[in-house]
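Me: I should like to discuss the packing of a protein chain, beginning at its surface and moving inwards. The sequence and structure follow.

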Amino acid sequence: MAEKKETAMDKIVSFCKRRGLIFPTSEIYGGLANSYSYGPYGAELKNNIKKLWWKKFVQKRPDIVGMDGPILLNSKLWEASGHLAGFNDALVDCKKCKKRFRADHVVKELTGEDMEGELEKMTKTLQAGLKCPECGGSDWTEVKNMSQMFKTEMNGVDGAVYLRPETAGAIFSDYKNVVDSMRVKVPFGIAQIGKAFRNEIVARNFIFRIREFEQMEIEYFIEPDADWEPLFDKWLDEQEDFAISIGAKKEDLRRYEHPKAKLSHYSKKTIDTEYNFPFGFGELFGLAHRGDFDLTQHAKFSGQSLDYFDPVANKRYVPHVLEPTVGLDRLVLTAICAGYFEEKLEDGERVVLRFPSAVAPIKVAVFPLMKNKPELVIKAKEIFGSLSEEFMCEFDDNGNVGKRYRRQDEIGTPYCVTIDFETLNDQAVTIRDRDTMTQERIKVAELKNYLTEKLK
Ligand code: ATP
């Protein structure tokens, strides 16, 4: 029986590099501050999670439409949203080892107290003798705010433009276009997947906290006096269901409600869904009731009316918004951490990623039993050609079949198909199941249907 071992983060990191999932980026040039590239299997994994999310929240929802806005937007938008003035992190340096920290994180780690946003209190607490987690020193700079916005320039535009720090901005700025062109009716949502950029003080824990990441966000517009709490709870459940669908165990998920005192003035409620990563619980999803703050601000700064005329209630209002959001990179990390198992077998050990099949980068691996037998290779290539019309497949003729199974287990491939000498006579192949490691003989003519059924 599979037994889940405690997996240290560094083990996951080196595994991801070794198995072509995620690499440190620009490595030949010495890397770039905690930045990563998705390798061939990582890119598949990430795309699969994206597609699942889009299917669940856009394709299958008559009340939600998708869009794809740009990364660079008019800077007035960030003035309106408050990001230019207030999207800051608290920064503190240890004067002894010169190491830089996010002040609220280091204070929380050392005292357990959440002092986010309280710069003076954090400075006093640190300077009262808290010890630097790196060097044990206790000489701290004052806690200062640092903007998380990445600034750049654009030809033809006066002043700075910014890489978007969240995808939601484009949704609000195109809200009117969507309403006018799509005849959507409140309650409705607009969904978007895309890159966001935050100049985090400390990027850490692999792809959990990076400076360039992908978000999958929905703005769900509701009537101002709608009974929002049941809807809010439903969104929480949908977020949890999604995490479970990519492999997370329910017991590794928990909810954290932001205390009322820490909420922005416009927010009625904010709840994060956290996952139990190898380094501890960390935010995976956010869900916030943001009132009419965003549309009201954008109406004010743009001078355009963003009211909505409700033909059912026969009244005009600024809709309120529920914002379910999630970081795609954090979902990728969740799928990997949840799926990673080290198992003892009778004839050795194996590492296996027990991905749900919809998430697995490769669905079917196709092997000729021996690579120096042209008749087997030709048949295997023919089968690969046919299966790859339907599924992401991999052709592998390196080493013996046992080693190929181990390689496919490590990247979570649910099925391996082997073409052997008998295939040429009986038109059947051996299918091996990743999880049970059992093998079955299936007719080539039935292979596609069999796999379609199994991979559902
Ligand atoms: P955190 O408290 O971890 O910094 P946040 O509350 O600032 O996150 P949101 O602004 O709610 O995050 O962003 C929405 C989602 O984007 C988060 O739930 C998270 O999954 C993801 N996310 C935010 N910052 C990062 C980052 N630096 N790297 C990867 N994903 C991120």
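Me: Which residues make the nonpolar surface patch of about 270 Å²?

Reply: The model is a predicted one. A residue must have over 30% relative accessible area to belong to a patch. Met154, found in the loop between β7 (150–152) and β8 (161–163), has 39%. The patch is made by Met154 together with Val157, Ile71 and Leu72.

Me: Is Met154 buried, partly exposed or exposed?

Reply: Buried means under 20% relative accessible area and exposed over 50%. Because its relative accessibility is 39%, Met154 counts as partly exposed.

Me: Which helix gives the largest share of the largest nonpolar core?

Reply: In soluble globular proteins, nonpolar side chains tend to be buried together. Here the largest nonpolar core has 59 residues, and among those touching the most other members are Trp53, Leu331, Leu333 and Ile336. Eight residues of this core come from one helix, residues 328–339, which is α11. A second, separate core has 25 residues, including Val65 and Met67. The helix asked for is α11.

Me: How far from Glu219 is the nearest side chain of opposite charge?

Reply: Glu219 lies in strand β10 (residues 212–222) and is buried. Beyond its neighbours within four places in sequence, its contacts include Ile171, Phe172, Phe188 and Glu323. A salt bridge requires a distance within 4 Å, and Glu219 has none. The nearest side chain of opposite charge belongs to Arg290, at 5.2 Å.

Key:
Residues numbered from 1 in each chain as written. Predicted model: local features only at pLDDT ≥ 70, side-chain atom pairs only at ≥ 80, totals over all residues. Heavy atoms only, no water. Core = buried A, V, L, I, M, F, W, Y, C linked by side-chain atoms within 4.5 Å. Buried < 20%, exposed > 50% of the residue type's maximum accessible area, 1.4 Å probe, protein only. Helix = DSSP H or I, 4+ residues; strand = E, 2+ residues; numbered from the N terminus. Patch = residues over 30% accessible without salt bridge, like charges linked within 9 Å, V, L, I, M, F, W, Y side chains within 5 Å. Areas by Shrake-Rupley, 256 points an atom, 1.4 Å probe, with all protein chains shown as cover. Lys, Arg positive; Asp, Glu negative; His and termini not counted. Contact = heavy atoms within 4.5 Å.
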